[in-house]
Amino acid sequence: MTKITSLPADDSTCGWYHLSQGRRVAPAHSGHSQARWVVVGAGFTGLAAARQLAVHFPDDQVVLIEAQEVGYGASGRNAGFAIDLPHDIGAEDYIGDIAIARKTLKLNLSGQSFLKELVERYAIECQMTHCGKYQAAVEPRGIAVLEAYRRGLDRLDQPYQMLEAGELPEHVGTDFYRQALFTPGTSLIQPSALVKGLADNLPANVTLYEHTPITDVQYGAKTVLSHARGSITADQLVLTTNAFGMNFGFLKGRMLPVFTYASLTRPMTAQEQASLGGKPYWGLIPADPFGTTVRRTPDNRLLIRNSFSFNPDGRANARYLARVAQRHRQSFARRFPMLPALPFEYTWGGALAMSRNHMGHFGKLAPNVYGALGCNGLGVTRGTATGKLLGDWLAGQRNELIQFVLDTPGPSADPPAPLVSLGLNFNLKWGQYRAGQES
């Protein structure tokens with residue numbers, strides 16, 4: 001029997017969650033039941049996997065289990081970018097092997113397209129806008145990244161527009177940035193609203209249980225998942241729990257639960273909108289991976305996202321929030337000096353399941369146990385794509401993308417626990433320091 005020693009516990013201050021439409025939360029599971037398919041984790045990956053299994057096996061009951069509440073966990077806490085392009089930070093031009101990059105682009109586009117289709121089919125109100133993204137820089141290091149990425153995009157034959165400092169205020173209002181690379185393929189979303197909408201429009205043969213944290217698992221010919229009020233026996237178990245997959249006994253020492261943090265302002269007044277200028281909504285990511293992500297949302301709020309912490313147990317730590325809120329205010333003031341009185345309404349953290357080689361796991365974990373784990377910060381598109389493909393693969397389908405993710409190396413092993421904590425915390429602090437004005 002495998003004891004689950006750490007359960008998800010996110011902070012209660014996520015703006016996306018509180019600003020998204022309320023919904024009727026599914027009941028927690030109680031008693032003892034069984035199902036052919038049980039999916040654990042109702043984020044982007046789990047929702048896609050459960051949906052595809054239900055479509056392929058319409059006569060089977062698919063059980064989807066969520067430890068917290070749909071839209072409350074990691075999938076509802078990201079910056080809301082559904083990104084299409086590959087971005088290999090280990091490659092000189094951020095594209096690397098062109099054949100792998102083309103398949104990665106196809107994989108990301110498949111996830112993005114699936115989300116667009118579902119949003120349109122079910123009229124999900126999630127502020128989805130197909131407006132592209134800016135990748136912007138201030139420091140010379142960041143500008144060098146943009147130039148390198150532009151060369152990579154030329155190799156990949158993807159469209160872009162390079163914008164200089166004088167052109168940027170008409171796009172994003174602020175004159176803070178020296179250069180930006182605009183790519184048109186990204187969609188922006190309100191992530192918690194999208195996850196809630198996807199959960200509320202699952203096929204009829206999917207049964208969702210929320211507030212049902214699994215406390216121990218017994219593997220065998222069938223898998224028995226126990227919780228405080230009973231148990232669920234699965235013929236086939238699908239894990240879509242990202243770094244919490246390690247608590248289920250898999251990929252131990254291969255995934256790194258790294259938290260990043262965001263703050264969201266109140267809506268801008270008409271006067272504040274006029275002071276800012278620029279387009280009515282946009283999204284901007286930093287050239288430096290340790291820099292600051294910024295968004296202007298369709299409801300006229302501004303989002304700042306930066307700062308990192310390594311939380312080995314995968315749980316939120318309240319002591320970081322006050323510290324990062326102050327850092328967010330400094331980042332905001334550098335970019336938006338014309339809005340000194342615009343306060344933050346929400347500050348929150350959210351988990352990323354990272355690995356040292358930026359690879360995730362797709363496929364079999366044990367007899368009758370499968371998983372799509374480790375999105376490495378690309379949960380919206382990559383999580384959706386791999387969740388869908390996992391359901392297709394389990395139904396017997398084979399295609400180029402399924403083979404691609406099956407062949408991708410899984411997460412590499414980390415050093416022993418004391419060393420990985422020391423090394424990662426140092427790298428996070430050093431990276432944020434080196435980001436300079438990009439932070």
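Two strands count as paired if DSSP finds at least two bridges between them, and this idea is needed for several of the close-up views of this predicted model.

**View 1. Strands E6 and E7 pair at one edge of the sheet.** Strand E6 is joined to strand E7, residues 179-183, by four bridges, and the two strands run antiparallel. Within this pair, Leu 163 is found opposite Ala 180 of E7. In general, the strands of a sheet pair through backbone hydrogen bonds, and they do this in either a parallel or an antiparallel manner.

**View 2. Eight strands form an open sheet with mixed pairing.** Followed across the sheet, the order of the strands is E6-E7-E5-E14-E15-E16-E13-E17. The edges are held by strand E6 (161-164) and strand E17 (344-354), and because each of them has a single partner strand, one side of each is left without a neighbour in the sheet. From one strand to the next, the twist averages 25°.

**View 3. Helix H4 packs on the sheet.** This helix, which spans residues 140-156, touches strand E5 (133-137) as well as E6 and E7, and its direction makes about 30° with that of E7.

**View 4. Strand E17 pairs with strand E13.** The two strands run antiparallel and are joined by 10 bridges, with Thr 260 standing opposite Gly 350 in E17. Although E17 stands at an edge of the sheet, this strand is mostly covered, since nine of its 11 residues are buried, that is, under 20% relative accessible area.

**View 5. Helix H8 lies across four strands.** Helix H8, made of residues 319-335, lies across strand E13 (256-265), strand E15 (293-296), strand E16 (302-310) and E17, and runs at about 135° to E16.

**View 6. Phe 426, Trp 430 and Tyr 433 make a nonpolar surface patch.** The patch covers about 410 Å², and one of its residues, Phe 426, lies in helix H11, which comprises residues 417-434. Phe 426 counts as exposed because its relative accessibility is 53%, where the cut-off for this class is over 50%.

**View 7. Met 1 lies in the segment before strand E1 (2-3).** With a relative accessible area of 65%, Met 1 is exposed. When its neighbours within four places in sequence are left aside, Met 1 is in contact with Asp 216, Val 217 and Gln 218. The C-alpha atoms of Met 1 and Pro 86, which are 85 residues apart along the chain, are separated by 40 Å.

How values were computed: Residues are numbered from 1 along each chain as its sequence is written. This is a predicted model: local features need pLDDT of at least 70, side-chain atom pairs count only at pLDDT 80 or more; totals for chains, interfaces and linings use all residues. Side-chain values use heavy atoms; hydrogens and water are left out. Patches are made of residues with over 30% relative accessible area and no salt bridge: like charges are joined within 9 Å, nonpolar side chains (Val, Leu, Ile, Met, Phe, Trp, Tyr) within 5 Å. Accessible areas come from the Shrake-Rupley method with a 1.4 Å probe; for residues, only the protein chains shown count as cover. A salt bridge is a side-chain nitrogen of Lys or Arg within 4 Å of a carboxyl oxygen of Asp or Glu. Buried means under 20% relative accessible area, exposed over 50%, partly exposed in between (1.4 Å probe, protein chains only). Axes are lines fitted to C-alpha atoms, for helices over the stretch in contact, and angles run from 0 to 180 degrees between N-to-C directions. Contact means heavy atoms within 4.5 Å.
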